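Here is a structure to read step by step. A learner asks, a teacher answers.

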Amino acid sequence: MTVFQALLLAVASSIYGLPFWRGGFIDQFTGKPLIVALIIGIVMGNIKQAMIIGSVLQAMYIGVIAVGGIQSMPSITRCIWFALPLAIISGADAEFAVTLCVPFSMLETFITQFLRTLNTYFLHSADRKIDEGKFDKAYITYYYGLILSTAVNFIIIFGMNVLGSTVILQYAELIPAWLLGSMKIFTKMGAVLGFGMLLTGLIKKNIQFLYFVFGFVLFKVMGLDTITVTIIAGVLAYLLFICTGTKKEAEHV
Amino acid sequence: MSNPKLDQLANDNRWLRKVLLAHYNVAGVCFTFERMMMPGMANMFIKIREDLYPGDPEKQKELIKNHAVFYNTQPNLGAIVPGVVLGLEIERAKNNSIDNELIQSIKQALAGPFAGIGDSLIQGLLIPILLSIGISLSADGSPLGAILGVAVFFGINIPLVWFLFKTGVKMGISGAEKLMDSDLKDRAVNAIEMLGIIVIGAVVASTANVQTGLAITASGSTTSIQSVIDSILPGLLTILSTVLIYWLIKYKKGRAMRIMVAMFLISVLGYFTGILI
């Protein structure tokens, strides 16, 4: 892969990560492998191959959802930007792209969470600016988080693309199996943290944890899907609303 | 003390669009576990502080600080939340009739359920469907799958988000009067919270899976402890893990980063000992 192509890919991924796509109502879809594959195909000048491999990759990773801020399984959002181009260049197939991704996808979570920890500094800095009344400066401070992660992604994507698949695969051997295995376990627990946090804001009396167990059991034991559970929960909420006539009664449920 | 300018702004689509973008352009740029999407909320009010409290930097600061707190929801369906919050804050700016506590509790009460419902409907249903169709269209190399997927997703979501946001603003403004009747407010918030907790239960059940690999060997036959647990209550370990995280955060000042590191270490331990699989 030429350095120019690697540069182009890194630039494309940075533009693709601009604010309008982030945390907004668009990037949950545009970040998906199938769509990114199209962009990569355009940059590499080989849409056909990109889409063929991209479709397979998407099918493999269709189950990735970010619930409460943590992804449910190791995802390829970052590594697809070098795994797919390198696969195209090598004339290889989706399996090859996955092999390039696997060692990296475990780092992916680390990198994301590490960047988020750094974001905390920006957050507190913005807090201070708000205290001083420098509101517009606070607004800019939030963007440091995006600038940081874009810069990191740029370096990774450029670097990995330049290193090429042979180098990556050599290093992939070094990554211990236990790290991969542990990450698998970790991601299976991910939602527990994200939603555990949400619950601390939602649950006022600990007895309300029973509602959580109720919803959980409806899904796991009764096999109902989440939409059905939502409908049931909606009906119950309505009943609760009309049955608790006053504020005092409402506090006791 | 009413403010005709605010009433006018609340109906001005250009202004509303500016506020919506002020929220979403910033909601994801500085994501932390401490406060997640909060910058979007804060920035919404940074951008319109002069409209709500003209020439009053103290009140403006109070407004923005009030919203510099934890906030997380699903971005598409959850668009109603910044709408409602905006509507409530507009009413509050007009005549100081609602206090901040109420606005914050409504924010949380709405954000929770919409996170759960949004994640299952958008991330769990709409997106996989569009992607599956896209895969079948693009499997032989055509860009059509991706293009169509993006077109449909945008086509559904941009109007949807706009509609939810505007509806939220209207609800916030008109609901504010109804909400002053504190009975109604508490009953409604209570009911919505319960809905949220139930839905979150189902979402956690669908995405998380804490299992143990321990087994007991007795007189030649091995029984896996997980199967025993499953016969009592499937997913019990996941439930207990959630309770543990909740307890740590609520009662032991658990910090998200530390819990995450601990979870990772436990995962490593689990991998080597088979306690967790």
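## Salt bridges first

A: B:Arg92 and B:Glu62 form a salt bridge, with their closest N and O atoms 3.4 Å apart. Distant parts of the chain are linked by this pair: B:Arg92 sits in helix α5 (residues 80-95) of chain B, B:Glu62 in helix α4 (residues 57-66) of chain B, 30 residues apart. Keep in mind that this is a predicted model.

Q: Is B:Arg92 buried or exposed?

A: Start from the cut-off: buried means under 20% relative accessible area. B:Arg92 has 8% relative accessibility, so this residue counts as buried. Its partner B:Glu62 is partly exposed, at a relative accessible area of 37%.

Q: Which residues do salt bridges join into one network?

A: Salt bridges can share partners. Here B:Asp7, B:Glu91 and B:Lys94 are joined in this way.

Q: How many salt bridges are there over all chains?

A: The count comes to nine over all chains. One of them can be followed from chain to chain. The side chains of A:Asp136 and B:Arg49 meet in a salt bridge, at 3.4 Å from N to O. A:Asp136 lies in helix α7 (residues 135-174) of chain A and B:Arg49 in helix α3 (residues 38-52) of chain B, so this pair joins two chains.

Q: What is the relative accessible area of A:Asp136, and what is that of B:Arg49?

A: A:Asp136 has 41% and is partly exposed. B:Arg49 has 15% and is buried.

Q: Which residue does B:Asp51 meet in a salt bridge?

A: B:Asp51 meets B:Lys5, side chain to side chain, at 3.5 Å from N to O. This pair too links distant parts of the chain: B:Asp51 is in helix α3 of chain B, B:Lys5 in helix α1 (residues 4-10) of chain B, 46 residues apart. B:Asp51 is buried, with a relative accessible area of 15%. B:Lys5 is partly exposed, with 45%.

Q: Now the core. Which residues touch the most other members of the largest nonpolar core?

A: Look for buried nonpolar residues joined through their side-chain atoms. The largest such core has 165 residues, and those touching the most other members are A:Ile40, A:Trp81, A:Tyr142, A:Phe212, B:Phe45, B:Leu52 and B:Leu86. Helix α6 (residues 100-138) of chain B gives the most to this core, with 14 residues.

Q: Take one of them. What does B:Leu52 touch?

A: Set aside residues up to four places away in sequence. B:Leu52 then touches B:Leu6, B:Phe45, B:Leu63, B:Glu89, B:Ile90 and B:Ala93.

Q: Is B:His23 buried or exposed?

A: Its relative accessible area is 0%, so B:His23 is buried. B:His23 is found in helix α2 (residues 13-24) of chain B. Beyond its neighbours within four places in sequence, B:His23 is in contact with B:Gly40, B:Met41, B:Met44, B:Tyr71 and B:Pro82.

Q: Which residues of chain A does the UniProt annotation "transmembrane region" cover?

A: An annotation comes from a record, so compare it with the model. The unreviewed UniProt entry places this annotation on residues 33-53, 60-84, 96-118, 139-163, 175-199 and 211-241 of chain A. In the model, residues 33-53 of chain A are 90% helix and 0% strand, and their end C-alpha atoms lie 10 Å apart. Residues 211-241 of chain A are 84% helix and 0% strand, with end C-alpha atoms 15 Å apart.

Q: Where are the domains of chain A?

A: Domain 1 covers 3-202 and domain 2 covers 204-253. Their C-alpha centres lie 36 Å apart.

Conventions: Residues are numbered from 1 along each chain as its sequence is written. Chains are lettered from A and ligands numbered from 1 in the order in which they are written. This is a predicted model: local features need pLDDT of at least 70, side-chain atom pairs count only at pLDDT 80 or more; totals for chains, interfaces and linings use all residues. Side-chain values use heavy atoms; hydrogens and water are left out. A nonpolar core is a set of buried Ala, Val, Leu, Ile, Met, Phe, Trp, Tyr and Cys residues joined through side-chain atoms within 4.5 Å. Buried means under 20% relative accessible area, exposed over 50%, partly exposed in between (1.4 Å probe, protein chains only). Helices (H or I, at least four residues) and strands (E, at least two) are DSSP runs, numbered from the N terminus. Contact means heavy atoms within 4.5 Å. UniProt positions are given in the numbering used here, feature names are shortened, and annotations may be inferred rather than shown by experiment. A salt bridge is a side-chain nitrogen of Lys or Arg within 4 Å of a carboxyl oxygen of Asp or Glu. Domain bounds come from an automatic or database domain assignment.
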